Amino acid sequence: MDNRTLIDTLSKRLDISGEEVGELIDGLTSCLGESGAELDSVIVPGFGTFEPKKRLERVALHPASGKKLLVPPKIVMSFKAAAGLKQRVNKN
């Protein structure tokens with residue numbers, strides 16, 4: 001499902017405009033980004049948990065040249081689905 005389809009589907013289900021749904025999605029992604037930058041988890045009941053994890057710097061090999069590169073540390077967001085969401089997905 002792409003972004004436009006998601007907005008249209010939520011707009012129909014919630015009986016609100018597509019613009020409002022788009023603003024809600026933008027707000028959610030903004031909150032997730034800010035919380036992730038602060039290394040805070042975000043729990044959405046019935047949906048799951050977004051948890052930031054800090055990846056340490058590491059040495060990697062460039063596939064084409066074989067040279068060693070230093071990959072800087074970064075923060076990645078992981079997602080763990082709630083039990084209720086897993087049940088709904090596996091039911092269908």
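**Helix α2, its flanking loops and the adjoining spaces**

Ser35 is in contact with Asp40 and Val42, when residues up to four places away in sequence are left out of account. In this predicted model, Ser35 belongs to helix α2, and its relative accessible area of 18% places it among the buried residues, since the cut-off for that class is under 20%.

The helix to which Ser35 belongs comprises residues 18–37, and its 20 residues extend over 29 Å from the first C-alpha to the last, a span close to the 28 Å expected at 1.5 Å a residue. Within α2 the buried positions are Val21, Gly22, Leu32, Ser35 and Gly36. These five lie on the same side of α2, because the arc that they cover around the axis is only 165°. A regularity of helices is relevant to such a pattern: an α-helix has 3.6 residues a turn, so residues three or four places apart point the same way. The buried residues of α2 pack against one helix, α1 (3–14), and against the strands β1 (42–44), β2 (48–55) and β5 (74–81). On the face turned away from this buried side, α2 carries Glu19, Glu23, Asp26 and Ala37, which are exposed.

The loops on either side of α2 each contain a residue other than glycine with a positive phi. In the loop between α1 and α2, Asp15 has a phi near 55°, and this residue counts as exposed because its relative accessibility, 70%, is over the 50% cut-off. After α2 comes Leu39, which is placed in the loop between α2 and β1 and for which phi is likewise positive, near 60°. Leu39 is partly exposed, with a relative accessible area of 44%, a value that falls between the limits of 20% and 50% that bound this class.

Helix α2 also takes part in enclosing the largest pocket, to whose lining it gives the most, with six residues. The space in this pocket amounts to about 580 Å³, and of the 15 residues that line it, those closest to the centre are Leu6, Leu10, Ile25, Leu28 and Phe47. The elements that provide two or more residues to this lining are α1 and α2, the former of which is also among the elements against which the buried residues of α2 pack. Divided by class, the lining of the largest pocket consists of twelve nonpolar residues, two polar residues and one charged residue.

As to enclosed space, the count comes to one cavity of 30 Å³ or more. The largest cavity holds about 40 Å³ of space, and its lining is made up of Arg55, Leu56, Arg58, Val71, Pro72 and Lys74. In this lining three residues are nonpolar and three are charged, whereas no polar residue is found. Two of the residues named in the lining, Arg55 and Lys74, fall within the ranges of β2 (48–55) and β5 (74–81), respectively, both of which are strands that pack against the buried residues of α2.

Definitions and conventions
Residues numbered from 1 in each chain as written. Predicted model: local features only at pLDDT ≥ 70, side-chain atom pairs only at ≥ 80, totals over all residues. Heavy atoms only, no water. Helix = DSSP H or I, 4+ residues; strand = E, 2+ residues; numbered from the N terminus. Expected span 1.5 Å × (residues − 1). Buried < 20%, exposed > 50% of the residue type's maximum accessible area, 1.4 Å probe, protein only. Arc of directions from axis to C-beta. Contact = heavy atoms within 4.5 Å. 1 Å grid on protein atoms, 1.4 Å probe; cavity = no way out; pocket = protein on both sides within 12 Å on 5 of 7 lines; lining within 4 Å. Points joined across faces, edges and corners; volume = space filled by probe spheres on them. Nonpolar A, V, L, I, M, F, W, Y, C, P; charged D, E, K, R; others polar.
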